[in-house]
Amino acid sequence: MNRLLLAVALSLWSALSTAAINVVATTSSMGMLTRTVGGEFVKVTELALPDRDIHTLQVRPSMLQALRQAQLVVAIGAELEQGWLPPAIEGSSNAKILPNTLGYFEAAAQVPLIEAKGNADRSEGDVHPLGNPHVQLDPVRMADIAQALAERLAKLDAPHTNIYRANAVAFKTAVNNQLPHWQQLAANNKGVMLYHKDANYLLVRFNIPLLATVEPLAGIPPTASHILSLVQQFKGKKGVILHTVYQGNAGIAQLASQLGWQHMALPLEPANNSAQQAYFALIEQWLTAAATNK
Amino acid sequence: MLYYNQTRRFSSATGTLIIMYKLTAFVLGLFSSHIVWAESTQALSTGNRFNPQMSLILDGNFYHDNQKAKGSETLDNMAGMGHGVGFAEEEAGLQNGFNLGESEIVMSAIVDPSFDGLLIMTVGSDGGVALEESWLQTRLLPNGLKVKMGKFLSGMGYQNSQHKHAWDFADQNLAYLGLLGGEGFKDTGIQLTWIAPTPFYALFGVEALQGNDQERFGTRINNADAESIIATTQPLADAKAGPRIRTLFTKFAPDIGDSQALQLGLSYAQAQQYQQLLDSDGTPLNGDEVALDGKQTLYGLDWVYKWDSAGEFGQGDIKITGEYLRMKKNMTVSTTGTSAGLMVGDTVTGSQDGYYLQASYGIAPRWLIASRYDVNGATNELNLAGVKTDLKQSSRIGVSLAFSPSEFSRLRLQLAQSSIYDDAGIKTPLKQVFLQYTHSLGAHGAHKF
């Protein structure tokens with residue numbers, strides 16, 4: 001009898017789980033957002049570990065396998081995943097998730113981007129002429145992306161439209177409830193130096209000045225003379241160097257010690273398979289770190 | 001709400017300009033069913049709207065070997081039952097000193113909803129243009145199916161479908177060089193692949209290829225060329241109708257987590273028609289030449305392991321690749337010269353294998369060290385009408401150190417030491433040094449697994 005019940009439960013569970021929309025998210029922030037909006041009606045696979053540089057990730061066969069079965073890809077976009085997502089989608093032989101179909105969703109395509117450049121060439125490093133793609137640290141943009149994502153999920157699964165919309169609104173409300181607290185954390189900040197322009201959306205959102213980037217050009221490591229010029233420029237001023245966990249350039253520590261500043265390594269993404277709280281904690285972690293420059 | 005102008009995103013934007021966050025959220029909650037976001041399916045891309053995406057790959061080197069720049073020739077004549085007198089277009093060998101590699105032009109675009117297209121041409125240092133690849137690929141087939149047609153790199157093996165500029169070494173490994181030729185296995189035809197809906201990655205592929213473009217495997221020789229070597233008219237059978245080469249390949253990759261990957265591949269290829277001219281003394285038209293007609297089969301086993309570390313720009317990344325290829329031929333003597341030891345109708349068979357094992361490690365951000373051991377002809381036997389001859393095994397060991405100032409450029413130093421034997425069993429100790437640059441311009445590169 002127990003076995004029969006188990007079998008029934010299992011088959012029900014598998015029927016329910018196949019009913020969920022199969023979503024592949026490139027990063028854990030996109031996974032978090034998809035789960036927050038989709039709730040129990042989505043099954044999310046995340047492709048990148050949160051401590052990896054999304055620029056330089058490489059295709060793995062398991063990515064192709066996940067994409068082969070996917071109904072929706074949720075990417076950060078604006079060519080951030082350019083080195084691996086297009087060949088992974090092509091290699092998955094899945095027509096449902098090609099760009100410009102309902103199965104393809106770029107967060108960066110849903111919101112206005114900062115730092116777009118009309119004219120760009122590679123003498124400026126690995127620039128993104130479309131704009132800075134790292135939108136995930138702006139909670140307000142993320143709330144807007146959540147609403148766009150709710151509409152997309154509604155198109156793929158019309159019966160649950162109201163649930164998706166309500167979940168997106170709940171996320172937006174939660175963000176708006178947090179904003180005063182976050183703004184308080186960020187108030188009167190003297191400024192932050194980043195290694196790469198990957199937290200600019202956060203800084204712009206909370207009016208924290210970006211003092212400089214340690215790398216002279218996007219994707220190009222600093223030379224000793226660039227470090228020296230930064231030391232001369234910021235000697236005697238207040239600041240803090242924030243960089244991501246994968247940016248381990250020796251110039252960071254050297255610069256920090258010469259300026260007498262702190263330098264801190266922070267993740268750009270919440271933990272894998274995490275929920276809204278983990279994302280809010282990430283924002284709080286960045287803002288708290290930024291506030292250590294007093 | 002007033003962080004940026006959102007009005008274009010709302011179908012009913014009125015009433016949203018409320019300053020207090022909580023009130024805004026409340027209002028949004030009340031009217032959420034009336035606010036429809038115009039979500040976008042677009043992939044933000046710097047690619048030109050309708051023009052093909054283009055990239056150029058520029059390559060050159062400073063090269064030196066200890067054989068007075070006869071290194072390329074030595075390697076071309078490496079002992080193997082799988083090569084005869086060659087008629088392939090003579091590629092200029094590497095000179096001691098500066099060499100310009102092939103300059104590659106890659107163009108690709110979405111043709112229409114159903115097809116992608118790609119073209120790769122190379123321009124040699126002498127200005128000669130060659131068509132490397134030109135294919136169309138389906139976009140919309142269901143159930144994990146994909147069809148590619150045109151001229152393309154065969155999906156057999158692992159390294160075969162990797163483009164040259166993505167190799168960890170400046171030159172072709174000895175296994176491929178001896179069995180498939182320096183350019184690898186590419187031809188004109190059609191490919192069907194299927195990814196199974198399994199919990200692990202499983203790809204199955206089948207190809208039908210014309211058999212016109214082969215350097216080593218499934219080569220045909222036209223009679224005009226053959227007559228310049230062997231003193232008979234029409235020494236070889238006419239071309240059979242194509243496609244003359246068929247391949248089958250499969251790849252499996254268990255999911256072993258997000259920071260590592262393992263893939264195993266099996267391949268099989270059959271050439272319905274294979275022609276060879278043997279000229280043991282190397283002097284044409286003096287009677288010892290033999291023309292052979294027959295078939296060839298190729299088996300391959302490949303495995304790749306990758307470790308993706310959390311280090312930046314490849315630091316700590318590991319990649320280990322190995323491939324084993326084995327080729328068999330089954331031929332009949334169709335014509336002989338006056339003094340050849342073989343008779344028309346005699347059977348000539350042979351088998352030859354090759355393998356390589358290579359590993360790379362990111363010693364620092366942007367710095368990659370790689371080593372390779374490659375072998376041609378561990379089995380290398382020829383059976384001429386019941387008389388067995390063993391040809392020698394050639395092997396090489398090499399190391400390379402590459403530095404990539406950016407994702408678009410790479411400088412590489414490569415050292416190799418090899419023992420290359422020719423068909424007569426004479427050994428050439430070959431030492432080679434490459435100092436190579438490979439730069440890509442244009443569209444951001446993306447590499448498959």
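# Reading domains, sheets and loops in a two-chain model

Q: How many residues of domain 1 of chain A are in contact with residues of domain 2 of chain A, and which elements of domain 1 supply at least two residues each to that side?

A: In this predicted model, 32 residues of domain 1 of chain A are in contact with 31 residues of domain 2 of chain A. On the domain 1 side, at least two residues each are supplied by helix H2 (28-38), H5 and H6 of chain A, and H2(A) gives the largest share, with 6 residues. Sorted by class, that side of domain 1 holds 12 nonpolar, 10 polar and 10 charged residues. As for the bounds, domain 1 of chain A covers 19-178 and domain 2 covers 179-293, and their C-alpha centres lie 24 Å apart.

Q: Is H2(A) enclosed by the rest of the structure or left open, and against which elements do its buried residues pack?

A: A helix can be read by its periodicity, because residues three or four places apart point the same way when there are 3.6 residues a turn. Here, 11 of the 11 residues of H2(A) are buried, so the helix is largely enclosed by the rest of the structure. Among these buried residues are Met30(A), Met32(A) and Leu33(A), and also Arg35(A). They pack against strand E1 (21-25), strand E2 (42-46), strand E3 (72-75), H5, H6 and helix H10 (276-290) of chain A. Directly after the helix comes Gly39(A), which has a positive phi, near 55°.

Q: How many residues of helix H3 of chain A are buried?

A: H3 (residues 61-68) of chain A is mostly covered, with 8 of its 8 residues buried, and the buried residues include Leu64(A), Gln65(A) and Arg68(A).

Q: How many residues does each chain bring to the contact between chains A and B, and which element gives the largest share on the side of chain A?

A: The size of an interface is often given as the accessible area lost when the parts come together, but the description here is one of residue contacts. Chain A brings 61 residues to the contact and chain B brings 54. On the side of chain A, two or more residues each come from H3, helix H4 (85-91), strand E4 (104-106), helix H5 (139-156) and helix H6 (161-186). The largest share, 9 residues, belongs to H6(A). By class, the residues of chain A on this side divide into 26 nonpolar, 22 polar and 13 charged.

Q: In what order do the 4 strands of the open sheet in chain A stand, and which strands are at the edges?

A: Strands of a sheet pair through backbone hydrogen bonds, either parallel or antiparallel. In this open sheet the order is E6-E5-E7-E8 (chain A), and the pairing is parallel. E6 and strand E8 (262-266) of chain A stand at the edges with a single partner strand each, so one side of each is left without a neighbour in the sheet. Neighbouring strands of the sheet are turned against each other by 25° on average, direction ignored.

Q: How many bridges join E5(A) to E6(A), and what unit do these strands make with helix H7?

A: E5 (residues 192-194) and E6 (residues 210-213) of chain A run parallel and are joined by 3 bridges. Within this pair, Met193(A) stands opposite Ala212(A), while Leu194(A) stands opposite Thr213(A). Together with helix H7 (residues 200-205) of chain A, the two strands make a right-handed β-α-β unit.

Q: How many helices and strands does chain B have, and what percentage of its residues is buried?

A: Chain B has 4 helices and 18 strands, and buried residues account for 40% of its 449 residues. Of the contacts in chain B between residues at least 6 apart in sequence, 65% join residues at least 24 apart.

Q: Where in chain B do Asn143(B) and Arg366(B) lie, and are they buried or exposed?

A: Asn143(B), which is not a glycine, has a positive phi near 60°, and its place is the loop between strand E5 (129-138) and strand E6 (145-153) of chain B. With 12 C-beta neighbours inside 10 Å, Asn143(B) counts as exposed, because the cut-off for that class is 12 or fewer. Arg366(B), also not a glycine, has a positive phi of about 75° and lies in the loop between strand E13 (347-364) and strand E14 (367-384) of chain B. Arg366(B) has 18 other C-beta atoms within 10 Å and is therefore partly exposed.

Q: Which residues does the cis peptide bond in chain B join?

A: The bond joins Gly242(B) and Pro243(B), with omega at about -5°. Pro243(B) is found in the loop between helix H4 (223-227) and strand E9 (245-253) of chain B.

Terms used:
Residues are numbered from 1 along each chain as its sequence is written. Chains are lettered from A and ligands numbered from 1 in the order in which they are written. This is a predicted model: local features need pLDDT of at least 70, side-chain atom pairs count only at pLDDT 80 or more; totals for chains, interfaces and linings use all residues. Two strands pair if DSSP finds at least two bridges between them. A crossover is right-handed if, with the strands pointing away from the viewer, the path from the first strand over the helix to the second runs clockwise. A residue is buried if 20 or more other C-beta atoms lie within 10 Å of its own, exposed if 12 or fewer, and partly exposed in between; C-beta atoms are placed from the backbone. Two residues are in contact if their C-beta atoms, placed from the backbone, lie within 7 Å. Ala, Val, Leu, Ile, Met, Phe, Trp, Tyr, Cys and Pro count as nonpolar, Asp, Glu, Lys and Arg as charged, and the others, Gly among them, as polar. Domain bounds come from an automatic or database domain assignment. Axes are lines fitted to C-alpha atoms, for helices over the stretch in contact, and angles run from 0 to 180 degrees between N-to-C directions.
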